[in-house]
Amino acid sequence: MAKVGIAGAGPAGAYLAALLKDEAEVYEMQSEGNFTSVCAWGTGYYAMKRLLSDVGLNFDDYVFHYGKTIYTEVGGDILRFNAYGLSTFDKPRLLKDLVKLSKSVYWGRRVIAGYLESRYKVAVDATGVHRMLLGRPEQDFLVPTIEYRVKYDALPYDDFYIRPFSSYTGYLWMFPLSETEAFVGAGSVKADHEPRVIDFINKTKGRIVNGSRMGKAIRLIPYPLLRPIAKMNAVAVGEAAGAVFPMLGEGILPSMLTAKAFYESGLDAREYQKALYRTVKDYVYSFMLIRNKIAGKSGFSDIVNAIRTMRYVMKNPDVVGAKVGFLEAIGLLRRL
């Protein structure tokens, strides 16, 4: 029996399993034949390339589209940003290949609190918003999202397209999968996102792929505001640990980075929490900025939060998948 039991085969659970190899066994509630992942499958190429090389995989084998430009529509104007490697990829196939590097994978197995904890030295909660092992956090902040796979005769934009909603309530996206197909979706705290998506698809003359509608909530509250992260021998990684960059709603690379932090901490919960804080501490500023904007609050702290958020974006273009200058970033924030 392996010493680590992992609940969830998402980015955090799958990558941790690949790092641990024979020390880990994975439990995934989806069946192998129907396994998928509800998100736009977009991530930063350069950071992903490095992480996968550590487990012997080549990210280029999974990429659908290499981005060059992010078209951002604000107030009817189209702004262009350097995508800096933002790419879409075959996320379900990659996650399957990652978990295959572990000792065992148990597909179609939904676990509850206590099951893995009683069978393994370390139990890992990588179940995202569900937190099947650790339960509901002391405080939370979830945003509903919806997404469709859409076919076009020709894409309305030849690269990534984003339309932020006013007051930071959410945004609409179109992420290319090929020259004629894309994911189109949106998330909003006002729960008005699906009509916006349908309207965009209709206006751009897209055709929804039958059965492609997918919806989920994403968690924007980061660690250390999200607690608890560990309980007895159970530890959270990924979105279950608050590893989503709030400004973008991006959790693929942040989740994998938390898995790496746990692995490099020797699976020690105390050391891991220190490493987790170093990994996502700047997310707090982004979260506070968004929460205050949604609540209609403003003040000097928002200036600090905006500057710290933009500093993170500028220092980590390989993770966020965009290269944005400070002045253009602040200009964009002021228009929202």
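## Exercises: aromatic pairs and a helix crossing

The structure holds 21 aromatic pairs (Phe, Tyr and Trp rings, six-membered ring for Trp, with centres within 6.5 Å). This is a predicted model, in which local features need pLDDT of at least 70 and side-chain atom pairs count only at pLDDT 80 or more, while totals for chains, interfaces and linings use all residues. Residues are numbered from 1 along each chain as its sequence is written, and side-chain values use heavy atoms, without hydrogens and water.

**Exercise 1.** Classify the pair of Phe-245 and Tyr-283 and locate both residues.

*Solution.* Step one: the centres are 5.3 Å apart and the planes 55°. Step two: the pair is tilted (stacked is under 30 degrees, edge-to-face over 60, tilted the rest). Step three: Phe-245 sits in the loop between strand E17 (234–236) and helix H5 (252–264), and Tyr-283 in helix H7, 38 residues apart (helices are DSSP runs H or I of at least four residues, strands E runs of at least two). Step four: Phe-245 and Tyr-283 are both buried (under 20% relative accessible area, 1.4 Å probe, protein chains only).

**Exercise 2.** Describe how H7 (residues 283–295) and H8 (residues 300–315) cross.

*Solution.* Step one: their axes, lines fitted to C-alpha atoms over the stretch in contact, come within 8 Å and cross at roughly 135°, on a scale from 0 to 180 degrees between N-to-C directions. Step two: H7 and H8 are therefore oblique (not under 35, over 145 or 65 to 115 degrees). Step three: among the residues in contact (heavy atoms within 4.5 Å) are Tyr-283 and Leu-289 of H7, and Ala-306 and Tyr-312 of H8.

Note on methods. Buried means under 20% relative accessible area, exposed over 50%, partly exposed in between (1.4 Å probe, protein chains only).
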